[in-house]
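Me: I am new to this structure and would like a close look at one part of it, namely the salt bridges. Please take me through them slowly, and tell me about the surroundings too.

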Amino acid sequence: MQIKAYTSEDYLEQLPEDRQEALNRLRNILLQNLPAGFEETISYGMIGFVVPHTLYPAGYHCDPKLPLPFISMASQKNFIALYHMGLYADQRLLDWFIAEYTKHSKTKLDMGKSCIRFKKPDQIPYSLIGELAAKITPQAWMETYEAIFKNKLK
């Protein structure tokens, strides 16, 4: 489900009502819980939260013109997706999330390397997503990114 938008508000306005409500709530949870320094943007056709070039001038290794991505969310055809790069990069964080998920949701965790899929909007564990968002500062993410991803490319 590709949405052409230039702002988060534009993105949300184009969604079906049930998805609009869930993604707006998810966005607000992220805005309330992400540590200072992350910036909201539209990236790769999704609402994203990034480390801006002012904090990390090198940008994203795939395209240095882009800021360093951290969390994105999207309305896909069959689910709502939350992409969290920290889960991909930090095994301890991933293990914590998997253990906590069972305490916050009655549904089975549907997850790829960094993508958490929610088939029904009412099954999103918003409080857990808030806790997850608060766990990594922009500085910590830059350090992890440098250690894990940038060093693999050298």
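Reply: A residue is called exposed when its relative accessible area is over 50%, buried when that value is under 20%, and partly exposed in between. With those limits in hand, please keep in mind that this is a predicted model.

Lys103 has a relative accessible area of 60%, so this residue counts as exposed. Its salt-bridge partner is Glu100, and the closest N and O atoms of this pair are 2.9 Å apart. Glu100 is buried, because its relative accessibility is 15%. Lys103 and Glu100 both belong to helix 4 (residues 91-104), where a spacing of three residues sets them about one helical turn apart.

The structure holds five salt bridges, and two others among them share a residue, since Glu9, Arg27 and Glu40 are linked in a network. Between Glu9 and Arg27, the closest N and O atoms lie 3.1 Å from each other. Because Glu9 sits in helix 1 (residues 8-13) and Arg27 in helix 2, this pair ties together parts that are 18 residues apart in sequence. Arg27 also meets Glu40 in a salt bridge, with 2.5 Å from N to O. Here helix 2 is tied to strand 1, where Glu40 lies, and the two parts are 13 residues apart in sequence. As for accessibility, Arg27 counts as buried at 11%, whereas Glu9 is partly exposed at 41% and Glu40 is partly exposed at 29%.

The strand that holds Glu40 leads on to the sheet, an open one whose five strands follow the order 1-2-3-4-5 with antiparallel pairing. Strand 1 (39-43) and strand 5 (115-118) each have a single partner strand and stand at the edges, so one side of each is left without a neighbour in the sheet. From one strand to the next, the twist averages 20 degrees. Helix 2 (residues 17-33), the helix of Arg27, packs on this sheet and touches strand 1, strand 2 (46-51), strand 3 and strand 4, while its direction makes about 155 degrees with that of strand 3.

Further into the sheet, strand 3 (residues 68-75) pairs with strand 4 in the antiparallel sense over five bridges, and Ser75 has Ile80 in strand 4 as its bridge partner. Strand 4 (residues 80-84) also contains His84, which counts as buried because its relative accessibility is 0%. Leaving aside residues up to four places away in sequence, His84 touches Phe70, Ile71, Leu93, Ser114, Leu132 and Ile136.

Notes. Residues numbered from 1 in each chain as written. Predicted model: local features only at pLDDT ≥ 70, side-chain atom pairs only at ≥ 80, totals over all residues. Heavy atoms only, no water. Helix = DSSP H or I, 4+ residues; strand = E, 2+ residues; numbered from the N terminus. Buried < 20%, exposed > 50% of the residue type's maximum accessible area, 1.4 Å probe, protein only. Contact = heavy atoms within 4.5 Å. Pairing = 2+ DSSP bridges. Axes fitted to C-alpha atoms, helices over the stretch in contact; angles between N-to-C directions. Salt bridge = Lys/Arg side-chain N within 4 Å of Asp/Glu carboxyl O.
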